Amino acid sequence: MRVIFISLCFLLLTACASSNLTSSWVDKTYTKMPIKSSLVVAMSDNLRIRRIFEDDMVQDLQAKGVNAIASSQLFPNRLPSKSDIAGYIKKHNTQTVFVAKLVNIEEKNINYPGSRYGYGGYSSGLSFNNYYNNSYSYIYDDSYTVSYEFVNVEFTLFDTQSHKPIWSTSSESVDPNNMNDIIAELTHILIENMQDNGVVR
């Protein structure tokens, strides 16, 4: 039964809250929103993950009327250099560059309390039975700890004329085993935030 409960908690945590945004910022003084065009760059040496994220993000941006293109379409076998990006921007007069960057991968232990509770101090109702039962729980504690992997990614949208950020946010994903599902969920959350901040229509 305990194994089933642990599995259920894990499924609820990963299914209901796989990814969330931990911070968000937008330049309120930027007057060229909603944006018209963007080059999407996922800074990863994993070409498969880079392509999946960029393609999903481009698709979501295009659905909002943004003329977006994935860097993996232009440079499929390598991450583009700064000069590569500058050359494309100059040639196509692209308004923004969307950059995704891995910040941190961290393993965190989450403790789930068991059915017994520790000693809570003396009271007028103290008896041998409850004192001994509570103390007994320290010896046979049925609480447990589960380790989860948390992946933090930073997303920044740069204006290509000023080279300054006009929008940024950070995300946290829990145990991203199925990257396709995580990326689809994440790009959806990012577009919602950009829409809420007037970055896209």
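The following paragraphs describe the confidence, the nonpolar cores and one helix of a predicted model.

Residues are numbered from 1 along each chain as its sequence is written, and side-chain values use heavy atoms, without hydrogens or water. In this predicted model, local features need pLDDT of at least 70 and side-chain atom pairs count only at pLDDT 80 or more, whereas totals for chains, interfaces and linings use all residues.

The chain has a mean pLDDT (the predictor's confidence in each residue, from 0 to 100) of 83, and 77% of its residues reach 70 or more. Among the elements (DSSP runs numbered from the N terminus: helices, H or I, of at least four residues, and strands, E, of at least two), strand 3 has the highest mean value, 98, and helix 1 (residues 2–16) the lowest, 35. The pLDDT is below 50 over residues 1–17.

The largest nonpolar core (buried Ala, Val, Leu, Ile, Met, Phe, Trp, Tyr and Cys residues joined through side-chain atoms within 4.5 Å) has 28 residues. Helix 2 (47–63), strand 4 (96–112) and helix 6 (179–196) are among the elements that each supply at least two of its residues. Phe-53, one of the residues with the most contacts inside this core, touches (heavy atoms within 4.5 Å) residues including Phe-98, Phe-155, Ile-183 and Leu-190. A second, separate core of eight residues includes Leu-39 and Ile-69.

Helix 6 has 18 residues and reaches 25 Å from first to last C-alpha, close to the expected 26 Å (1.5 Å times one less than its number of residues). Its buried residues (under 20% relative accessible area, with exposed over 50% and partly exposed in between, 1.4 Å probe, protein chains only) include Ile-183, Thr-187 and Leu-190. Gly-198, with a positive phi near 80°, follows helix 6.

Definitions and conventions
Lists of a residue's contacts leave out its neighbours within four places in sequence.
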